[in-house]
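Me: I am new to this structure and should be grateful for a close look at a single part of it. Please begin with one residue and then place that residue in its wider setting.

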Amino acid sequence: MIKQFSIIISILAISYMIEVGLNLPIPASIIGMILLVILLTTRIIKLEQVEKISDMLLKDITLFIIPLSIGIIDKIHLFEGKFLIAILILIISTIVSIIMTGLIMKLMLATNIGGKNDK
Amino acid sequence: MINELFANTAFGVALTLVAYEIGKYIQRKTGIKLLSPLITGTILIIGLLLLLDIDYNNYKLGGDIVSFFIAPATVSFAIPLYKNIKEIRKNLLLILVGITGGLITGLVVTIVLCEVFGVSDIVTISMLPKSVTGAIGFSISEMIGGVPEITLVLISIQGTMGYIVGEKIFRVLKIENPIIRGIALGTNSHVVGTAKAMELGETEGAMSSAAIPMAGVIMVFLVYVLMKIFI
């Protein structure tokens with residue numbers, strides 16, 4: 001497990017260097033994710049070499065996020081009393097976005113520009 | 001005084017792990033999937049900190065150690081992407097346009113409504129990355145000068161919303177294609193939406209898991225372009 005983690009964390013360390021070195025507007029964790037996809041598809045890294053640790057990290061990803069959401073107690077005042085309005089906006093935008101994603105893709109399939117899908 | 005007792009890294013780590021496990025236990029016992037350990041755990045910890053009047057910064061000593069793992073976990077999103085790469089390649093254009101369209105819709109609706117309701121700039125900016133998964137949304141929020149903590153809370157609420165309304169929307173719009181269902185859920189409601197997608201079917205679940213990292217990457221670019229235009 002430590003060996004698997006060492007691969008992931010080394011990729012991440014390199015990604016931080018890339019982010020800072022090239023001054024990219026992309027978070028290092030995303031650079032690392034893209035790097036790992038490339039390393040996997042080119043078979044430089046095999047799936048088995050990182051699969052266990054990745055499953056473990058992704059399974060409990062909510063755990064890692066909890067400490068950050070605790071920070072909201074220090075920031076809630078920034079809503080200036082408009083917390084519920086923000087939630088309302090969020091609800092509307094979520095519904096509209098799901099509808100649009102679905103409709104766009106449905107339209108693409110119907111007009112046959114979506115690829116070779118047989119459905 | 002009492003705060004000295006909690007001024008060590010172990011306290012925050014212990015509290016987070018225990019609250020998370022309690023949250024998982026509650027979710028399992030009640031059978032309510034929406035009662036995510038993220039929500040119950042957060043409420044438990046905030047409750048305890050307020051109750052015992054513990055300084056947030058003391059909790060943060062250990063909390064930072066736990067949240068360190070967000071970045072390696074984000075790198076791990078490469079795996080669901082890689083595992084579904086064949087299916088994605090076959091429908092690449094469909095999937096990319098679908099994800100991008102969904103994200104742009106979310107951004108536009110959010111910006112317009114925030115403007116209409118007079119929501120402050122800092123909250124509006126923090127709201128922008130709310131479609132993508134917490135780990136990625138957090139980094140994006142930081143990058144564009146938002147408040148990551150606000151972004152995170154909104155991300156969890158958005159995920160919950162998608163879980164609730166997703167299936168109903170598919171039924172009303174007669175969307176039966178599992179790829180579309182999966183991508184729509186993963187794009188707009190990340191991990192929580194993926195839980196719903198997995199209930200709907202195997203392809204739905206796989207596509208939704210793969211949509212999470214793709215939406216994250218596309219969101220980085222969309223938000224970057226947006227910030228370049230407006231600032």
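Reply: The account below starts from one isoleucine of chain A and then turns to the contact between the chains and to the domains of chain B. The model is a predicted one.

The residue chosen is Ile18(A), which belongs to helix H1 of chain A, a helix covering residues 2–21. Ile18(A) has 16 other C-beta atoms within 10 Å and is therefore partly exposed, since a buried residue would have 20 or more and an exposed one 12 or fewer. Leaving aside residues up to four places away in sequence, Ile18(A) touches Leu24(A) and Ile31(A). Ile92(A), by contrast, is 74 residues apart from Ile18(A) along the chain, and 38 Å separate their C-alpha atoms.

The wider setting includes the contact between the two chains, in which 70 residues of chain A meet 92 residues of chain B. Among the elements that give two or more residues to the chain A side are H1, helix H2 (28–41) and helix H6 (83–110). The largest share of that side, 23 residues, is supplied by H6(A). Sorted by class, the chain A side holds 47 nonpolar, 15 polar and eight charged residues.

Chain B itself is divided into domain 1 (2–68) and domain 2 (78–230). The centres of these domains of chain B, taken over C-alpha atoms, are 27 Å apart. Their contact draws five residues from domain 1 and five residues from domain 2 of chain B. On the domain 1 side, these residues are three nonpolar, one polar and one charged.

Definitions and conventions
Residues are numbered from 1 along each chain as its sequence is written. Chains are lettered from A and ligands numbered from 1 in the order in which they are written. This is a predicted model: local features need pLDDT of at least 70, side-chain atom pairs count only at pLDDT 80 or more; totals for chains, interfaces and linings use all residues. Domain bounds come from an automatic or database domain assignment. Two residues are in contact if their C-beta atoms, placed from the backbone, lie within 7 Å. Ala, Val, Leu, Ile, Met, Phe, Trp, Tyr, Cys and Pro count as nonpolar, Asp, Glu, Lys and Arg as charged, and the others, Gly among them, as polar. Helices (H or I, at least four residues) and strands (E, at least two) are DSSP runs, numbered from the N terminus.
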